[in-house]
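Trainee: Could you take me on a close look at one part of this model, and then show me how it sits in the rest of the chain?

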Amino acid sequence: IPNGFSIFKKKVERESLVRQPIPFPTNFLTPPHLEDTKIPSLKDLGYSEEEIKSVDDIYILGGEDTALSIMHALLSTFPETEQDPLILGPFIASGALSPILLYNNIKKLGEGKKDKRFEKIVDILLWRDYFRFMLKKYPNIFFKPQGTKNRSPQDHPALDGNEELFEKWKSGHTEHDFINSVMIQLQKTGYIPYQARLIAASYLVHEYQVNWLRGASWYEEHLLDYSPATVYGQWSHIAGVGTSEKDNKALDWQKLIKTHFPNGLPKLEEILVK
């Protein structure tokens with residue numbers, strides 16, 4: 001597997017084929033004499049009334065039916081609306097939605113032609129696979145401060161940082177309102193749009209000079225669609241120590257805000273496709 005993402009993408013598109021989804025089964029065989037059981041409630045599992053009430057306003061519901069509904073609505077309106085394709089991330093991460101099914105639905109809409117509307121979603125899927133392969137190629141390399149770079153952690157500019165600054169970033173009390181809104185939404189919902197993730201990460205690493213591993217760990221704790229390869233892979237590139245050399249670059253987070261969020265961060269209920 002080549003380290004450069006652009007080379008990886010070209011090789012995949014030129015030499016590989018994504019299989020069709022497995023057909024839905026027509027019947028299910030279940031073992032005989034199963035005991036009669038029921039799904040336990042949150043109260044049965046030991047959660048307090050206060051804890052149960054705290055998830056009453058949960059935004060992202062689970063299940064394959066919900067995933068398929070959102071996928072079809074997203075693909076039928078994208079990109080004319082402001083829908084963020086990463087809203088499907090929690091369903092893919094939990095196994096409720098197959099990335100193979102998503103890919104094939106995109107290709108069906110394009111009818112074999114190159115459709116620029118959906119290149120963004122396909123790129124996200126390719127990055128997901130790329131990071132998984134890199135994690136296999138370099139075991140544990142995503143969890144080291146220097147990443148793939150042959151230098152000591154002390155040589156890297158974004159490895160220390162003030163504990164107070166990290167706390168300000170986590171709690172949404174920085175000097176920038178957009179960053180604050182991103183971090184608050186992350187804690188409340190477990191979801192933030194794709195570009196917002198990169199913006200908040202760039203702010204922590206390049207403005208506050210805080211160890212990128214600490215930011216990645218915070219995402220790991222809060223993102224509903226967390227996967228180790230993708231999260232740590234993205235952060236390592238933002239910090240300049242990732243596997244794809246050309247993608248090791250500091251992002252202009254202020255320009256990204258103006259480009260992708262001119263009206264501020266949309267609320268999650270505005271992003272979800274009904």
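Trainee: Between which two helices is the loop that holds Ala250?

Mentor: Happy to, and please keep in mind throughout that this is a predicted model. Ala250 belongs to the loop that runs between helix H11 (228-238) and helix H12 (253-260). With a relative accessible area of 55%, Ala250 is exposed, because the cut-off for that label is over 50%. Its C-alpha atom is separated by 9.8 Å from that of Tyr203, although the two are 47 residues apart along the chain.

Let me set that loop in its chain. The protein chain has 13 helices and 0 strands, so a walk along the sequence gives α-α-α-α-α-α-α-α-α-α-α-α-α, by the DSSP runs used here. Of its 274 residues, 41% are buried. The chain exposes about 16,400 Å², and carbon and sulfur atoms supply 53% of that area. If you take the contacts between residues at least 6 apart in sequence, 72% of them join residues at least 24 apart.

From Ala250, step back into helix H11 (228-238) and you come to Trp235. Setting aside its neighbours within four places in sequence, Trp235 is in contact with Trp169, Ala201, Leu204, Val205, Trp212, Gly215, Ala216 and Tyr219. Some of these names return in the largest nonpolar core, which holds 69 residues: Leu102, Trp169, Phe178, Tyr219 and Trp235 are the members that touch the most others. The largest share of the core, 10 residues, is supplied by helix H6 (residues 119-137).

Trp169 is a good residue to follow next, as it leads to a helix pair. Two packed helices are described by the angle between their axes and the distance between the axes. For helix H7 (residues 163-171) and helix H8 (residues 177-189), the angle is about 70 degrees and the axes are 7 Å apart. H7 is therefore roughly perpendicular to H8. On the H7 side the contact is formed by Trp169, Lys170 and Ser171, and on the H8 side by Ile179, Met183, Ile184 and Gln187. By class, these residues are 4 nonpolar, 2 polar and 1 charged.

Helix H8 also carries Lys188, and this residue counts as exposed at 64% relative accessibility. Lys188 is 130 residues from Ile58 in sequence, yet their C-alpha atoms are 9.0 Å apart in space.

Finally, have a look at two other loops, for their backbone. Most residues other than glycine have a negative phi. Gln209, which is not a glycine, has a positive phi of about 55 degrees. You will find Gln209 in the loop between helix H9 (194-207) and helix H10 (212-222), and its 31% relative accessibility makes it partly exposed. His33 is another non-glycine residue with a positive phi, near 60 degrees. His33 sits in the loop between helix H1 (5-15) and helix H2 (49-53), and at 82% relative accessibility it counts as exposed.

So, to come back to your loop: Ala250 is exposed at 55% relative accessible area, and its C-alpha atom lies 9.8 Å from that of Tyr203.

Conventions. Residues are numbered from 1 along each chain as its sequence is written. This is a predicted model: local features need pLDDT of at least 70, side-chain atom pairs count only at pLDDT 80 or more; totals for chains, interfaces and linings use all residues. Side-chain values use heavy atoms; hydrogens and water are left out. Helices (H or I, at least four residues) and strands (E, at least two) are DSSP runs, numbered from the N terminus. Buried means under 20% relative accessible area, exposed over 50%, partly exposed in between (1.4 Å probe, protein chains only). Contact means heavy atoms within 4.5 Å. Accessible areas come from the Shrake-Rupley method with a 1.4 Å probe; for residues, only the protein chains shown count as cover. Axes are lines fitted to C-alpha atoms, for helices over the stretch in contact, and angles run from 0 to 180 degrees between N-to-C directions. Angles under 35 degrees count as roughly parallel, over 145 as roughly antiparallel, 65 to 115 as roughly perpendicular and the rest as oblique. Ala, Val, Leu, Ile, Met, Phe, Trp, Tyr, Cys and Pro count as nonpolar, Asp, Glu, Lys and Arg as charged, and the others, Gly among them, as polar. A nonpolar core is a set of buried Ala, Val, Leu, Ile, Met, Phe, Trp, Tyr and Cys residues joined through side-chain atoms within 4.5 Å.
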